[in-house]
Every structure is written in structure tokens, then in C-alpha cells.
Amino acid sequence: MRWFRLISLVTVLTALAGLQGAQAADDIYQKIDEAIARSPEYVARHELKIGEVRRALSAETTPTGRFQSNYRLYELYKPFVSDSAMFFLRQCINLADENKWSDEAARCRSLLAIRCSNIGMYDEAICLLDSILPQSMTDSLALGTYYEAYNTVYSELQYYTRLPEMQARYLSLAQEYEQQMFRYLPPTHETCFLRREQRAQGEGKLEESMQINDAWLKSVEEGSHPYALVALYRYIEYKLQRDTVQMMHWLTESVLADIRNAAMDQGSMWELANELMLRGDIDRASQYISFTSDCANRYGSRQRNWQIAPLLSHIAKEYKSQSERTTHQLWVAVAIVSILALLLLGVLFFLHRRNKQLAMARNALHETNGQLATLNGELKSANEQLSEKNAQFSVLNSQLSESNRVKEEYIGRFMSLCSQYIDKLDNYRKMVNKKMKNKELEDLFRLSKSTELKEKELEELYENFDTVFLHLFPNFVDDFNALLAPEAQVRPKEENRLTTEMRIFALIRLGIEDSSKIAEFLHYSVNTIYNYRARIKNGALGNREHFERTVKELGLPK
């Protein structure tokens, strides 16, 4: 039992470690995919820097200033576009030759030779270096760069040649020039760090090579383009130590630094694609190698394309192999499915015969049930129609009763108002007659000019309308406001009175919906009535399109 528990615990811990590793890998690939997606943004940012230096170059008038601007453009183009980097180096060489800056001219020719070596132009690199007279140089950096260029070209030739005797010769020359390079270049120079670390790795001195890489890492800014190269060699350090976690971490750091600095000459992405291919992740390896291939084409490096071509070919073979395996599996699956289909057809034939026998027995019962269902449906339909008619009659009766009540109330009030207006007209006639008899023409003119009488009569008319309406619908104010949002509710200033907005909707409640008729009754313009209606409906709690229809139903029995 104890052994069983121990085995179970180990199994669980292994599974958890596997899940954590898979999650970490997914996080790494997500970062890289995001960086690739933003690659156009990084490239545009780098091109913006180049544009600024180009404008500064066009404004420069002194030879020194023009030399510095051309050299700055070379540095910006060095990881970006090889041909452009070489062009601006040649500009620096021309300026140095014109101004007899022999050390700068030799150093720039050496840098141009290094560029040629990096893109596979070995003959051109050696011709450039043979044209330099090392005894004419006095600057140690220029001499160091000269020997660095020779070391680079012979190291490249030694790596790519397939002839053993030439390989030995190139290695001997590379080591000879390497010693001279160490003599003149400062120890903190990038190439010095690189060569010392490569030598320690080649001799199996992994502890020493890691110490060199630690010192090199401290000398560069994190995330910069030089940082990408240090991180790549740190990946190699951990790969030699078989530390897969740290190995993938530093390879990712190198890849991200290359992409974010718009570097088109990418060794780390090629390494990552190769690692993924070895792990069987062909799709992601294809995606990454395609990206770095596009970058290499933009950079213009034949050497990088030579490195990428075998990997692309291998990925294509893997895709073909996978396709063949999938096709084979598919044919096996088709055969199995065909056999199962034949068995299923036999079962279906047997079931069909049994179902046919059962169907004959069920037909009579089905017909009877169908007749009963038809009769039930007809009865249900008749009941529904009767219920609908009863409901319609009930609504119509309620509306008719309410309409009769409103008519009776308003007819009585109308007769009373008519009698009152006849008495008022007669009194007004007597008053006019009296004033004319007494020759009080000025008073008559003043009275006829004033609108006070009209306003008083309108106020009395509205008061009568409010009284009658609220008598018919005593809860109208509360019911009306219940349909509105709190901030849109309308409250009369006096008890038993309506506001203008409420009178508009009171008329709508009585069936007067035409804005022109409402405007005529309330003595407002049609546009004003429309604005009042729109503003109130905008404050409705429910659907504003159904607001007036809801108002017309206020006070109806439910």
C-alpha cells in the first residue's frame, strides 16, 4: 500500500510539472506571436529613426558632421538592410579618403569587409582587406577592427568549406588574426566577448564560458540589439548544460529583442524554429521560419538564406510525412466505417421488418386518435373564438359606458357654459350701449383694445375644463406621472388644476389627438404642441411610441 501511494504521488507530481511546463511554453509562444504581430510597428519606428538621421545628414555642412551622420546611418542599417549599411559605409570611406583620415578610412574598409563576410561575399571582403596597409594605421581601434575583419572572413570560410585541408588552413589563419585582434581591441568589445566565449565552449570549459557571458551581459542594455546576441549565446550556454527551461527563456529573450529592435538579420528565430521542429511542433516551426525568411530576404543576406533553406526543406518533408500518415489513417478509418455501416444496414433491415409489423397494428389506433384530435382541436378553436368575442364585448362595453359618462358630463357642462356666455354677452352689450349713450368712446376703445377680457375668459374656460376632467378622472394626475421617470414628472401648482402639458394629454385621453385641434383649443401654435408632446414622451418609463396609447387607457376598468 505504501509503495502504491508513493507511485501515485510521483505520477501526480510529474503530471503537474508537465502542465506547468506546457503553460510556460504557451506563454513564451504567445509573447513571440504578439511581437511578430507588432513587427510592422517596430519596423516603422526604426524607419522613423533612420529618417531623422537622414534629415540631419542633409543639413550637415562640415566633413566631420557628414561622416558622423553617415556612420550613424550605417549602424542603424547594419541589422536592418545590408545593402544600405554597406552604402553608408562606402560614403564614410569616401569622406575619410577626401579628408585624409587614414585610420577612419581603414576602419570603415574593415567594417565593410565584415559586412561582406556576413552576407557570403568572401572574395570582396579579402580584396578590401588586402587594400589596407596596417603599418599606416596609428589608432588601436582601427587596427583591432582590421584584424577582426580578417578573423571574421576566415572563420566564415572555415565553417562553410567542405574541404578538410582548406578548413585547417582557414582555421589557422582565423586563430592567428584572432590573437592580433585581442591585442588591439578593448576586452569589453563585443567581438572579444564573443570569441572568448566561443573558444571556452569549444574547449568544454562551460563554467569559464558562462562567466564570460555574465560579464558580457552586464555591458549591454537589456532589450537592445546587442542584448539579443548576448542572450543567444546564453541560450547556447544553457543548451550545453542541458537546462531546457533556462535555454528556452534566453532564446525567447533573444528572439523578442531582435523583433522589437526591427532586426532583419535574425539568428535566434532560426534557432527557435529548429528547436520547435526537433520537438515535433511543425506548424509553429513553419510559421517562425517563414517570418525569419521574409526578414532575411529584406536584409539581403545570402548566408542567412543558406542556413534557412535546409530547415525549410526539412519542414516540407515533415509536412509531407504527416500528410501521408494522415492519409493512411484516413483510409483505415474509412474501412472501419464501411464495415460498421454494413453491420448497421443489417440491423436496420431487421428493425424495419419488425417496425412494419408494429405499424400495421398501430394504424387503426392512430386513425382513431387522429379523429379525436381533430374534434378536440375544433372544440378548442370554438372555445377560443367564443372567449375572444366575450373579451371584445367586455372591452367595448367598458369603453361605451365610459364614453357615455364623459359625454353626459361634458354636455351638461357645455349647456351651463353656453347659458353663462349668453348672459355675459348680454351684460357686455348693455355695458357697451350704456357707454355709447354716455359718449364714453375712449373707454370703449380701451376695452376693445385690451386682451384682459379674453385672458380672463380663457382662464375660466381652462378652469372649467380642469374641474370637469378631474371630476371624471380623479386619479389622472397620479396615473399620468406614474408613466414618467421621476425627473420628467409634472405637478400642478394648484390643487384641482392641470398644467399645459397635462391639458394636452387630457385632450388626448378624451380622443382629441390632432395637434392642430389641441393647439386651437389651448391657443398655442401647432409646433409648440408638438414640442410639448415630444418632451413628455421622451421622459416616458416604457416605450415612448406606445405612451399616448397608454394615456388613452388611463381610468378604464381593468
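Tyr77 counts as buried in this predicted model, at 9% relative accessibility. Its ring is stacked with that of Phe88, with 5.6 Å from centre to centre and 10 degrees between the planes. Tyr77 belongs to helix H3 (residues 63-77) and Phe88 to helix H4 (residues 82-98), so the pair ties together parts that are eleven residues apart in sequence. Phe88 counts as buried too, at 3% relative accessibility.

**Aromatic rings**

- A search of the whole structure finds 28 aromatic pairs, and one of these, besides Tyr77 and Phe88, is the stacked pair of Tyr150 and Tyr154, at 6.1 Å centre to centre and with 5 degrees between the planes.
- Tyr150 and Tyr154 are both in helix H7 (residues 140-160), where they are four residues apart, about one turn of the helix.
- Tyr150 is buried at a relative accessible area of 5%, and Tyr154 is buried at 10%.
- A cluster linked by ring pairs takes in Tyr462, Phe465, Phe469, Phe473, Phe476, Phe480, Phe505, Phe521 and Phe547.
- A charge over a ring is found at Trp250, where the charged end of Arg234 sits 5.1 Å from the ring centre.

**Helix H11 and its surroundings**

- Helix H11 (residues 225-240) has 16 residues and spans 24 Å from its first C-alpha to its last, which is close to the 22 Å expected at 1.5 Å a residue.
- The buried residues of H11 are Tyr227, Ala228, Val230, Ala231, Leu232, Tyr233, Arg234, Tyr235, Glu237 and Tyr238, and the partners against which the buried residues pack are helix H9 (190-202), helix H10 (206-218), helix H12 (244-260) and helix H13 (268-278).
- Gln201 is found in helix H9 and is buried, with a relative accessible area of 15%.
- With neighbours within four places in sequence left aside, the contacts of Gln201 are Ser209, Tyr233, Ile236, Glu237 and Leu240.
- Arg242, which follows H11, has a positive phi near 60 degrees.

**Helix H19 and Asn481**

- Ten of the ten residues of helix H19 (residues 500-509) are buried, so this helix is largely enclosed by the rest of the structure.
- Among the buried residues of H19 are the charged residues Glu501, Arg503 and Arg509, together with Met502, Ile504, Phe505, Leu507 and Ile508.
- Just after H19, Gly511 adopts a positive phi of about 105 degrees.
- Asn481 is found in helix H18 (residues 476-482) and is buried, with a relative accessible area of 1%.
- Asn481 touches Gln489, Val490, Arg491 and Met502, when residues up to four places away in sequence are not counted.
- The C-alpha atoms of Asn481 and Arg491 are 8.2 Å apart in space, while the two residues are ten apart in sequence.

**Positive phi in loops**

- Ala262, which lies in the loop between H12 and H13, has a positive phi of about 60 degrees although it is not a glycine, and at 1% relative accessibility Ala262 counts as buried.
- His523, in the loop between helix H20 (515-522) and helix H21 (526-538), likewise has a positive phi of about 60 degrees without being a glycine, but His523 is partly exposed, with a relative accessible area of 44%.

**Salt bridges**

- Side chains of opposite charge can pair when their charged atoms come close.
- The count of salt bridges comes to 21, including one in which the side chains of Arg72 and Glu75 meet at 3.9 Å, N to O.
- Arg72 and Glu75 both lie in helix H3, three residues apart, about one turn of the helix, and Arg72 is partly exposed at 39% relative accessible area, as is Glu75 at 35%.
- Glu203 and Lys205 meet through their side chains in a salt bridge of 3.2 Å, N to O, and Lys205 counts as partly exposed, at 40% relative accessibility.
- The side chains of Lys239 and Glu275 form a salt bridge at 3.3 Å, N to O, and this pair links distant parts of the chain, with Lys239 in helix H11 and Glu275 in helix H13, 36 residues apart.
- Within that bridge, Lys239 counts as partly exposed at 36% relative accessibility, whereas Glu275 is buried, with a relative accessible area of 8%.
- Salt bridges with shared partners join Glu459, Asp466, Arg497 and Arg503 into one network, and Arg503 is also one of the buried residues of H19.

How values were computed: Residues are numbered from 1 along each chain as its sequence is written. This is a predicted model: local features need pLDDT of at least 70, side-chain atom pairs count only at pLDDT 80 or more; totals for chains, interfaces and linings use all residues. Side-chain values use heavy atoms; hydrogens and water are left out. Rings of Phe, Tyr and Trp (its six-membered ring) pair if their centres lie within 6.5 Å; planes under 30 degrees apart count as stacked, over 60 as edge-to-face and the rest as tilted. Helices (H or I, at least four residues) and strands (E, at least two) are DSSP runs, numbered from the N terminus. Buried means under 20% relative accessible area, exposed over 50%, partly exposed in between (1.4 Å probe, protein chains only). A charge sits over a ring if NZ of Lys or CZ of Arg is within 6 Å of the ring centre and within 35 degrees of the ring normal. The expected span of a helix is 1.5 Å times one less than its number of residues. Contact means heavy atoms within 4.5 Å. A salt bridge is a side-chain nitrogen of Lys or Arg within 4 Å of a carboxyl oxygen of Asp or Glu.
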